[in-house]
Amino acid sequence: MKPETFTSYSALDFAQEPSFIRWVRAGDEEAAVFWQNWLDQHPEKASEVAEGRKLAQALTVREEEPSEAVLNALWNRIDLATSIAKEPLVQTTPTVAPTSLREARIRPLRRWLSYAAAACVTLLLVALLYNPTERVSAGIGQKLTHQLPDGSSVAINAASSISYHPWRWRFTRQVELEGEAFFQVTKGSRFVVKAVQGQVEVLGTSFNVRARGNSFAVSCVTGKVRVSNPKGAQILTPGLITQTNENGDLVTPYTIDNQPSGAWRDGKFYFTQTPLEEVFAEIQRQFEVRIQTTPEIARRKVTTYFEGSNVDTALFNVCWPLRLETSTRGDLILVK
């Protein structure tokens, strides 16, 4: 099978692939080299590969049936304890159960052990494969905070949503994001935030992610994060920011003074060399209004700031320094 075929694989598909199984179960050196190289070329499939490894390993778990000698020793101990309780203290020789009686006892025990092993594997497969999705959304003009199963918290900005699989969280800490959110991650295994525009990987830290339209921006507050998309990757440490440019490339990390990451949680919104259409879009999300302007104004890049307490104040802070005028027609705001 061609390596590119694996890009469409799910965790269950990987767990059923012969070469993948040889890598996981037997530690086959050739398979290990192939899959490590493939994973380096396709980091976006890391979570599915990790889940596939756990599933392949789980499917090999097997309860060993106790040997005849072990079972005989156990029954001798049981008979000894019983005879001591029932016979006078002078009797020191244990009564050995007849062979036919012992075999009658062994058969149900073996059957029970087989059932128990099958039940364990079934429960594990249910936990891995049954994936109800938890989706949490903040509407226009709303903000909310949600706690993830491991205690990590997510502050979700207006018109944004996250989704994840609670049942699989123990094995894979992964969140799908649409919009903007601030994450405070508890230390533990790999934590991934996926968006259409790219993904962020951490172990334990706090960071902000904005993924709207063609825009993708990540800022690190504590710890270290790895930001990637199909065109490349960047490592961020506290205070650094990266985002995609007009070509979709992640720019070299940079810092911005006096613009704390995730300030939107406190109703403060900062923009640096940002098209006005994105600034107006944020005002619309925060105040449930419609803003209309010309294409020339919309494309204009600005460095600006507004607070989320009042739409009139927000528009004044953005438009007045640019000598733009605003007028209102019902719920429509015209900017020219």
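**Helices α3 and α4 and the nonpolar cores**

On one side of helix α3, Glu29, Glu30, Asp40 and Gln41 are exposed, and the buried residues of this helix, found on the other side, are Ala31, Trp35 and Trp38. These three buried residues cover an arc of only 60° around the axis, which means that they lie on the same side of α3. An α-helix has 3.6 residues a turn, so residues three or four places apart point the same way. The structure described here is a predicted model, and every statement below refers to that model.

Helix α3 comprises the 13 residues 29-41, which at 1.5 Å a residue should span 18 Å, and the 19 Å between its end C-alpha atoms agrees with this expectation. At the start of α3, the backbone nitrogen of glutamate 30 has a side-chain oxygen of aspartate 28 within 3.1 Å. The buried residues of α3 pack against three other helices, namely α1 (11-16), α2 (18-26) and α4 (46-58).

Helix α4, one of these partners, also has a length close to expectation, since its 13 residues reach 18 Å from the first C-alpha to the last, where 18 Å is expected at 1.5 Å a residue. The buried residues of α4 are Ala46, Ser47, Glu48, Val49, Glu51, Gly52, Leu55, Ala56 and Ala58. Two of these residues, Ser47 and Glu51, are in contact with threonine 172 when the neighbours of threonine 172 within four places in sequence are left aside. Threonine 172 is placed in the loop between β4 (160-164) and β5, and it counts as buried because its relative accessibility is 12%, the limit for a buried residue being under 20%. The contact with glutamate 51 includes a polar one, made between the two side chains at 3.1 Å.

Strand β5 (residues 173-184) contributes to the largest nonpolar core of the model, which has 29 residues and in which Phe183, Phe191, Val200, Phe207, Phe216 and Val225 touch the most other members. With 4 residues, β5 supplies the largest share of this core. A second core, separate from this one, has 24 residues, including Leu276, Val279, Val311 and Val318. In soluble globular proteins, nonpolar side chains tend to be buried together.

Two members of the largest core illustrate its surroundings. Phenylalanine 191, apart from its neighbours within four places in sequence, is in contact with Leu148, Ser152, Trp169, Arg173, Val175, Phe183, Val185, Val200, Glu201 and Val202. Valine 225, which is placed in strand β10 (residues 225-229), has a relative accessibility of 1% and therefore counts as buried. Not counting residues up to four places away in sequence, valine 225 touches Val200, Glu201, Val202, Thr205, Phe207, Val218, Cys220, Gln234, Ile235 and Leu236. Valine 225 and valine 200 are 25 residues apart along the chain, yet their C-alpha atoms are separated by 6.6 Å.

For the protein chain as a whole, 9 helices and 17 strands are found, and 39% of its 336 residues are buried. Among the contacts with a separation of 6 or more, 46% are between residues 24 or more positions apart. The chain exposes about 19,200 Å², of which carbon and sulfur atoms supply 52%.

Notes
Residues are numbered from 1 along each chain as its sequence is written. This is a predicted model: local features need pLDDT of at least 70, side-chain atom pairs count only at pLDDT 80 or more; totals for chains, interfaces and linings use all residues. Side-chain values use heavy atoms; hydrogens and water are left out. A nonpolar core is a set of buried Ala, Val, Leu, Ile, Met, Phe, Trp, Tyr and Cys residues joined through side-chain atoms within 4.5 Å. Buried means under 20% relative accessible area, exposed over 50%, partly exposed in between (1.4 Å probe, protein chains only). Helices (H or I, at least four residues) and strands (E, at least two) are DSSP runs, numbered from the N terminus. Contact means heavy atoms within 4.5 Å. Accessible areas come from the Shrake-Rupley method with a 1.4 Å probe; for residues, only the protein chains shown count as cover. The expected span of a helix is 1.5 Å times one less than its number of residues. The arc is that of the directions from the helix axis to the C-beta atoms. A polar contact is a pair of N or O atoms within 3.5 Å; within protein, one must be able to donate a hydrogen and the other to accept it, and residues adjacent in sequence count only if both atoms are side-chain atoms.
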